Amino acid sequence: MRSVARRFGRRNRRRVRELWPAQGALLALTLVLCAAPFDVVPHPGFGYGGLDASWKSSLNLAHPQGLQFGKDFDFTYGPWGFVDWPLAFSRVELALSVVFWVLTLGFTWLALRATVSRVTTRIAAAAISTVVLVLCTPETGESASSASAVLVVGAALVLLDHAGAAGPRRARRWAPAVCAALAAFVLQVKFSEGVLLIVMVAIACLFTAARRLVMIASAVVAFVVTTVVAWVVAGQHLGNFWSWLRASYQISKYYTDAMGHRGGSHFDYLVLAIVLLGVLALAVRFWVVAGLRRGLGVILISALVEYLALREGTGRFDAVHLVAFFLYSLPVVVWLATAGSVAQRGTARRHVRRRPILLVAGGALCVLVVLEAQNNAIYLNPHTVAHRWGIAVRTVAVPARQQAILDLARRAERSSYAVPPGMLATIGRHPVSVDGSDSALPWAYRMHSVAEPLVQSYNAYSGELDRIATDRLRSLPADAYILRPVVTGIDHRSSLWDPPLYVRTEMCSTIPVSSNARWLLLRKSADRCAAAKPAGTVRVAAGRPVTVPHVAAGQMVTMSFQPDGPGLGERLRRLVDKPSAPLIVTARGRRIRLPRALAAGPLIVQVPAEVGWPAAFGGHRRFTSVAFSEPGTVHFATTGVQAGPSPSP
């Protein structure tokens with residue numbers, strides 16, 4: 001053991017000496033330019049509010065407010081999600097975010113340098129790694145990805161190197177344990193990235209050239225220990241971990257169907273196809289050269305990384321999200337492009353000279369991916385870099401600076417939300433909940449907000465998530481108020497169906513207090529609705545209108561839709577082209593997007609005057625007929641509603 005330790009110490013001391021000073025200077029330059037890639041100054045127009053900024057605010061406020069993930073807070077980001085999107089709410093969290101960015105960039109830089117050094121000198125590999133990270137590190141606030149994505153890039157490179165090692169001596173034996181620990185932490189930052197990283201670690205352990213049982217045991221221990229420590233250090237109760245996992249899985253599973261849309265140009269599709277075909281060609285070539293064990297492990301890990309790239313980059317197919325596809329594709333392209341120099345016969349250098357065309361083709365593909373993933377060279381502007389570092393340091397070190405930023409955000413949000421003074425006076429110090437996407441509103445007005453398991457109500461993409469939101473609504477204190485904006489549905493979804501059970505329960509268990517053109521104030525009340533009664537079942541063809549039953553006054557009409565099971569062709573089309581095939585309901589000339597997991601309803605199609613909601617908020621809504629874009633069965637039901645007071649202006 002002592003001899004092994006001495007050899008390990010000598011080898012790592014030698015590596016440290018090799019790293020400094022030239023390579024160390026390049027690493028330091030990378031960290032200085034990219035490790036503070038966030039601007040905590042709020043937007044002058046809406047502060048920390050708005051559709052995307054609100055959920056980022058909620059992530060940063062979860063710890064100061066003492067919220068428990070899995071009980072008070074459910075989202076695809078976990079208790080450490082604030083390190084991806086840091087704001088100025090907590091100086092400790094902001095400092096931790098800077099540390100996380102520094103460690104993430106340092107780890108990924110070292111992984112890139114080790115990979116690229118196969119085909120060039122170490123100093124050249126260090127320079128290339130610096131250029132790649134400076135150009136490709138996402139800019140928080142202007143990108144769909146953040147620090148955890150950069151960490152996934154580094155971990156994927158390490159795992160590919162481990163799975164593709166030619167023999168036990170070349171395998172990075174520390175890789176499974178280290179990457180398992182990283183996966184456990186990333187899981188509590190962003191759920192989808194953490195899950196796929198866990199699967200990559202499992203594949204690397206199964207296809208390793210080293211001792212499999214040792215690799216698996218070390219990875220399991222590292223994962224369990226890191227999971228427990230990270231969850232507890234974040235102030236969370238272990239009993240809520242499974243509940244958070246289930247809710248995060250539900251949100252991630254149904255996100256694409258509920259939120260996906262097609263965009264982009266023909267050129268975007270062409271570049272995407274070139275990258276995927278290039279990855280496939282390089283992977284097949286490596287399999288042929290390296291053999292079954294190494295080739296299969298590398299191909300499986302590469303496939304997982306590309307799945308993550310497609311999911312994050314094309315789920316909402318637009319210019320902002322497409323950049324994420326190329327960022328996630330970066331480790332696969334770089335590793336496979338350089339792996340052509342590794343063969344079962346001869347040395348790496350000799351193999352490169354024999355196959356220069358592979359290196360040139362792989363290098364061209366790497367350049368294409370870097371250019372498409374680039375961040376508009378934001379970190380090459382020294383003024384911007386100095387400005388952001390200055391703001392981050394002053395915010396962490398000077399409490400008055402932090403308070404000035406928060407005061408600026410509050411003023412901007414209050415100006416943007418414009419809640420009438422009369423409503424604010426009515427709410428006072430009573431508990432308040434906010435529907436829609438404006439989860440930052442209670443903080444802006446210093447209201448006594450209640451914990452909302454779903455950060456924003458439109459995140460209830462499935463029936464189970466709808467029930468979670470509804471149970472929270474039913475458990476509100478008797479003196480609670482609800483602020484509802486005039487529009488809660490996004491991406492052409494109906495505000496009355498977003499989510500359906502929640503809105504129906506809200507109409508039944510609250511009474512309107514006051515309203516204006518933007519806000520409806522509701523107060524918790526006893527349930528005013530009778531039990532639902534069946535009102536007919538109708539088989540419908542795709543695109544064929546079905547008449548909504550005519551009912552007497554005081555009756556609410558709801559429906560549920562059960563689409564026919566898709567055939568093989570439709571299943572394949574959804575698998576390949578899911579964002580372009582949403583379920584559409586046509587009513588009163590309007591095309592309404594309906595998430596399939598919410599089609600069971602109850603979808604409100606007629607709202608009686610007894611509900612008391614103004615017409616702008618869905619009151620008096622009467623759909624006489626509806627049509628669905630897919631064939632299926634519609635079930636109608638009626639519910640009697642007791643009259644309540646009309647809201648005051």
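Two strands count as paired when DSSP finds at least two bridges between them. Keep that in mind for the sheet. One caution before we start: this is a predicted model.

So, the sheet. It is open and has 4 strands. The order is β7-β12-β9-β10, and the pairing is antiparallel. Which strands stand at the edges? They are β7, residues 546–547, and β10, residues 590–594. Each has a single partner strand, so one side of each is left without a neighbour in the sheet. As a reminder, strands of a sheet pair through backbone hydrogen bonds.

Now look at β9. Strand β9 covers residues 583–587, and 2 bridges join it to β12, residues 625–628. The two run antiparallel. Let's place the residues. T586 stands opposite A627 in β12. V585 has F628 of β12 as its bridge partner.

Then there is β10. Strands β9 and β10 pair over 5 bridges, again in the antiparallel sense. I584 stands opposite R593 in β10. These two strands form a hairpin, with 2 residues between them. Check R588 in the turn: its phi is positive, about 55°.

How many residues of β9 are buried? The count is 4 of the 5, so β9 is largely enclosed by the rest of the structure.

Next, the cysteines. A search of the whole structure finds 1 disulfide. C508 and C529 form it, with their sulfur atoms 1.9 Å apart. The link is left-handed, at -85° about the S-S bond. It joins distant parts of the chain, 21 residues apart. C508 is in helix α21, residues 500–509. C529 is in the loop between β5 (519–524) and β6 (533–540).

Are these two cysteines buried or exposed? The cut-off for buried is under 20% relative accessible area. C508 has 2% relative accessibility, so it counts as buried. C529 is at 15%, so it is buried too.

Why is C179 not bonded to C205? C205 holds the closest cysteine sulfur, but that sulfur is 9.3 Å from the one in C179, too far for a bond. C179 is buried, with 0% relative accessibility. C366 is buried as well, with a relative accessible area of 15%.

On to the aromatics. The whole structure holds 19 aromatic pairs. Take W55 and Y77. Their ring centres are 5.4 Å apart and their planes meet at 20°, so this pair is stacked. W55 lies in helix α3, residues 51–62, and Y77 in the loop between α3 and α4 (91–116). The pair therefore ties together parts that are 22 residues apart in sequence. W55 is buried at 11% relative accessibility, and Y77 is buried at 6%.

A second pair is F100 and F185. Here the centres are 5.6 Å apart and the planes are at 50°, so the pair is tilted. F100 lies in helix α4 and F185 in helix α7, residues 175–187. That ties together parts 85 residues apart in sequence. Both F100 and F185 are buried.

Back to W55 and Y77. Ring pairs link W55, F75, Y77 and W85 into a cluster. And W85 has a charge over it: K56 lies over the face of that ring, at 4.3 Å from the ring centre.

One more of that kind. What sits over the ring of W443? The charged end of R410 does, 4.1 Å from the ring's centre.

That's the tour. Thanks.

Methods:
Residues are numbered from 1 along each chain as its sequence is written. This is a predicted model: local features need pLDDT of at least 70, side-chain atom pairs count only at pLDDT 80 or more; totals for chains, interfaces and linings use all residues. Side-chain values use heavy atoms; hydrogens and water are left out. Buried means under 20% relative accessible area, exposed over 50%, partly exposed in between (1.4 Å probe, protein chains only). A disulfide is a pair of cysteine sulfur atoms within 2.5 Å. Rings of Phe, Tyr and Trp (its six-membered ring) pair if their centres lie within 6.5 Å; planes under 30 degrees apart count as stacked, over 60 as edge-to-face and the rest as tilted. A charge sits over a ring if NZ of Lys or CZ of Arg is within 6 Å of the ring centre and within 35 degrees of the ring normal.
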